[in-house]
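The note below sets out points for a colleague who is about to examine this model. Each point takes up one feature and may be checked against the coordinates.

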Amino acid sequence: QVQLVESGGGLVQAGGSLRLSCAASGSIFRINNMAWYRQAPGKQRELVAAITSGGTTNYVDSVKGRFTISRDSAKNTVALQMNSLKPEDTAVYYCYANIVRVGEDVTRRYWGQGTQVTVSS
């Protein structure tokens with residue numbers, strides 16, 4: 001079994017910063033891409049930032065220059081540093097990973113439980 005457990009999030013004023021963390025645990029052989037998604041009320045879930053196993057990153061345009069995704073492959077963790085937060089960043093943020101489990105040769109998609117980020121104006 002594999003789990004993604006998120007931490008961080010909360011309430012912050014506009015212009016403030018938050019850091020989200022996500023740790024993958026279980027029978028993991030390899031983690032490929034990791035990412036953060038978010039879903040605001042009444043909206044579809046959207047990709048915020050992603051990072052490959054080689055460290056290549058990409059971001060949705062609305063967070064470029066403000067958010068930074070990073071990972072520690074040795075610890076199977078991914079983080080999202082969010083600076084200059086805006087009210088429109090308010091959403092539930094989900095950790096995501098493509099993982100190959102020990103003894104398997106297929107990639108599976110895993111999601112965290114979600115963590116609320118609320119930015120007040």
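1. A disulfide is a pair of cysteine sulfur atoms within 2.5 Å. In this predicted model, Cys22 and Cys95 meet that criterion, with an S to S distance of 2.1 Å. The structure holds one disulfide. The link joins distant parts of the chain, since Cys22 belongs to strand β3 (residues 18–26) and Cys95 to strand β9 (residues 91–101), 73 residues apart. The torsion about the S-S bond is -80°, and the link of Cys22 and Cys95 is accordingly left-handed.

2. Are the two cysteines of this link buried or exposed? Cys22 is buried, with a relative accessible area of 2%. Cys95 is likewise buried, and its relative accessible area is 0%. Both values fall under the 20% limit for a buried residue.

3. The largest nonpolar core contains 31 residues, and those that touch the most other members are Trp36, Leu80, Met82, Tyr93 and Ile99. At least two residues of this core come from each of β1 (2–7), β3, β4, β5 (46–51), β7 (67–72), β8 (77–82), β9 and β11 (115–120). Which strand gives the most to this core? Strand β9 does, with five residues.

4. Leu80 deserves separate inspection within that core. Leaving aside residues up to four places away in sequence, Leu80 touches Leu18, Arg19, Leu20, Trp36, Val48, Ala49, Phe67, Thr68, Ile69 and Tyr93. Two of the residues in contact with Leu80, Trp36 and Tyr93, are also named among the core residues that touch the most other members.

5. Ala35 is located in strand β4. At 4% relative accessibility, Ala35 counts as buried. Its contacts, not counting residues up to four places away in sequence, are Leu47, Ala49, Ala50, Ile69, Tyr94, Cys95 and Tyr96; among them is Cys95, one of the two disulfide partners. By contrast, Val92 does not appear among these contacts of Ala35, and the C-alpha atoms of Ala35 and Val92 are separated by 14 Å, with their positions 57 residues apart along the chain.

6. Arg38 is also placed in strand β4. Is this charged residue buried or exposed? Arg38 counts as buried, at 6% relative accessibility. Its side chain makes a polar contact of 2.7 Å with the side chain of Glu46, and another of 2.9 Å with the side chain of Tyr93. Beyond residues up to four places away in sequence, Arg38 touches Gln44, Arg45, Glu46, Val48, Ser62, Val63, Phe67, Asp89, Ala91, Val92 and Tyr93. Both polar partners, Glu46 and Tyr93, are included in that set of contacts.

7. The count of aromatic pairs comes to four. One of them is formed by Tyr37 and Trp111, with 4.9 Å centre to centre and 65° between the planes, which is edge-to-face. Why does this pair tie together separate parts of the chain? Tyr37 lies in strand β4 (residues 28–39) and Trp111 in strand β10 (residues 107–111), so the pair connects parts that are 74 residues apart in sequence. Trp111 is partly exposed, with a relative accessible area of 37%.

8. Tyr37 and Trp111 belong to one aromatic cluster together with Tyr94 and Tyr96. Which rings lie beneath the charged end of Arg45? The charged end of Arg45 sits over the ring of Tyr94, 3.7 Å from its centre. The charged end of Arg45 also sits over the ring of Trp111, at 4.7 Å from its centre.

9. Two backbone angles should be reviewed together. Most residues other than glycine have a negative phi. Asn76, in the loop between β7 and β8, has a positive phi near 55°. Ser84, in the loop between β8 and β9, has a positive phi near 50°. Asn76 counts as partly exposed at 22% relative accessibility, and Ser84 is partly exposed with a relative accessible area of 42%.

Key
Residues are numbered from 1 along each chain as its sequence is written. This is a predicted model: local features need pLDDT of at least 70, side-chain atom pairs count only at pLDDT 80 or more; totals for chains, interfaces and linings use all residues. Side-chain values use heavy atoms; hydrogens and water are left out. Rings of Phe, Tyr and Trp (its six-membered ring) pair if their centres lie within 6.5 Å; planes under 30 degrees apart count as stacked, over 60 as edge-to-face and the rest as tilted. Helices (H or I, at least four residues) and strands (E, at least two) are DSSP runs, numbered from the N terminus. Buried means under 20% relative accessible area, exposed over 50%, partly exposed in between (1.4 Å probe, protein chains only). A charge sits over a ring if NZ of Lys or CZ of Arg is within 6 Å of the ring centre and within 35 degrees of the ring normal. A nonpolar core is a set of buried Ala, Val, Leu, Ile, Met, Phe, Trp, Tyr and Cys residues joined through side-chain atoms within 4.5 Å. Contact means heavy atoms within 4.5 Å. A polar contact is a pair of N or O atoms within 3.5 Å; within protein, one must be able to donate a hydrogen and the other to accept it, and residues adjacent in sequence count only if both atoms are side-chain atoms.
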